[in-house]
Amino acid sequence: MITVAKDGSGDFSSVQAAINSVPKENTEPITIFVKSGTYTELLTIDRPYITLEGEEVTSTILSYNNYARMIMEDGMNRGTFRSQSTFIDTHDFTAKNITFENFAGSGRKVGQALAAYVDGDRVYFEGCHFLGDQDTLFTGPLPPTVLQKNGFVGPKEFAPRINGRHLYRNCFICGGVDFIFGSATAYFDHCEIYSNYDENIDNIQGYATAASTPEGQEYGYVFADCRFTSDCPPQTVYLGRPWRNFAKTVLLRCYLGEHIHKEGWHNWNKTEAEETVYYAEYASEGPGAAPESRAAWSYQLTKEEAEHFSVDKVLGDWKPL
């Protein structure tokens, strides 16, 4: 085990230094234990078989404040995919009891600001917090093609698009607009999905998800036994909208607060997407559950249909510890 402590009592005082001490082509499981503290570092985790474990989730914080509208030295905006605080670019990675944070502020002012950019297969988060506003958590890979020039500028712009499987268990994820987004097969188990309130916005406060599931990929996002909570006014947040037209998002047995809009799902003003997306719910409950009022192009699943989205079916032969 490697220990990180800001006060110098561990092997390293920097999380990045601890990660860099692991061989690039690591083949053995190794745990990096991070003692409580706020580590204001731009992190890149690019070694496999690492478990990053915090001492306590609310006091072990990995944080930075880059944002999309920041002007770079070349005169370009930083953009979405260079705004992340933590970049996870590996396979077989685990994080436990860690807070991933981007403290740049309101997306209305700074644009996108990722707390975590996660691009890899067999990636597991347990008891973690993801704190931000617009585009808090990116579940890579990027979509196959960009829609606007320089939209994908960042570390994975020209990399092969490899579908990754992610599992988020007992995590807290908060944000405002599209704050869980991307193309991965991602399973959220007993998580809390919290929508931020912006007092300067009078109508729609945000969208919890913006999947970009590639055409032909069997699974996108699945939320099982999760709680969608907020302090936003009633019916001002949508469950999701399609970043790309084949987006897939399924809710199983989730509690939905009164902030959830009765239609549930938004087409992002792309009527053609209504023919290709897959948005579905099974046994939603709470004041935001309104099956009779949901968008006509979404689905209410039967018990038998819901079984197709069990964690074993979605993640396949990968079983996180």
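This report covers the nonpolar cores, cysteines, largest pocket and selected loop residues of a predicted model.

## Nonpolar cores

The largest nonpolar core holds 56 residues. Within this core, F125, F188 and F228 touch the most other members. Helix α1, residues 15–20, gives the core its largest share, which is three residues.

F188 has contacts well beyond its sequence neighbours. Setting aside residues up to four places away in sequence, F188 touches L137, Y168, I173 and I180. F188 also touches Y221, V222, F223, A224 and C226. Another core lies apart from the largest one. This other core has 15 residues, among them Y124, L167, A306 and V314.

## Cysteines

How many disulfides does the model contain? The count is zero. A disulfide is a covalent bond between the sulfur atoms of two cysteines. Here the cut-off is a sulfur pair within 2.5 Å.

C191 is in no disulfide. The nearest cysteine sulfur to that of C191 belongs to C171, 4.7 Å away. C191 is buried, because its relative accessibility is 3% and the limit for buried is under 20%.

C226 is in no disulfide either. Its nearest cysteine sulfur is that of C254, at 4.8 Å. C226 counts as buried because its relative accessible area is 1%. C226 is also one of the residues touched by F188.

## The largest pocket

The largest pocket encloses about 580 Å³ of space. Its lining is made of 26 residues. Nearest the pocket centre lie T80, Q112, Q148, G151 and W243.

What classes of residue form the lining? Eleven are nonpolar, eight are polar and seven are charged. One residue near the centre, G151, is also in contact with V146.

## D133: a buried loop residue

D133 sits in the loop between β12 (129–131) and β13 (137–139). Is D133 buried or exposed? D133 is buried, because its relative accessible area is 18% and the limit is under 20%.

Neighbours within four places in sequence aside, D133 is in contact with G105, S106 and G107. Further contacts of D133 are G175, G176, V177, F179 and N196. N245 is not in that set of residues. D133 and N245 are 112 residues apart in sequence, and their C-alpha atoms are 23 Å apart.

## The loop between β13 and β14

V146 and P141 are both placed in the loop between β13 and β14. Strand β14 spans 165–169. The peptide bond from G140 to P141 is cis, with omega near 20°.

V146 is partly exposed, because its relative accessibility is 39%, and that class runs between 20% and 50%. Outside its neighbours within four places in sequence, V146 is in contact with G151, F152 and R244. V146 and G37 are 109 residues apart in sequence. In space, the two are 38 Å apart, C-alpha to C-alpha.

## Positive phi outside glycine

N170 has a phi near 55°, a positive value in a residue other than glycine. N170 is in the loop between β14 and β15 (172–175). With a relative accessible area of 46%, N170 is partly exposed.

Q235 is not a glycine, yet its phi is positive, at about 55°. Q235 lies in the loop between β21 (227–230) and β22 (237–240). Q235 is partly exposed, with a relative accessible area of 38%.

Methods: Residues are numbered from 1 along each chain as its sequence is written. This is a predicted model: local features need pLDDT of at least 70, side-chain atom pairs count only at pLDDT 80 or more; totals for chains, interfaces and linings use all residues. Side-chain values use heavy atoms; hydrogens and water are left out. Helices (H or I, at least four residues) and strands (E, at least two) are DSSP runs, numbered from the N terminus. Buried means under 20% relative accessible area, exposed over 50%, partly exposed in between (1.4 Å probe, protein chains only). Contact means heavy atoms within 4.5 Å. On a 1 Å grid over the protein atoms alone, a cavity is a set of points where a 1.4 Å probe fits but cannot get out, and a pocket is an open set with protein on both sides within 12 Å along at least five of seven lines; lining residues have an atom within 4 Å of a point. Grid points are joined across faces, edges and corners, and a volume is the space filled by probe spheres set on the points. Ala, Val, Leu, Ile, Met, Phe, Trp, Tyr, Cys and Pro count as nonpolar, Asp, Glu, Lys and Arg as charged, and the others, Gly among them, as polar. A nonpolar core is a set of buried Ala, Val, Leu, Ile, Met, Phe, Trp, Tyr and Cys residues joined through side-chain atoms within 4.5 Å.
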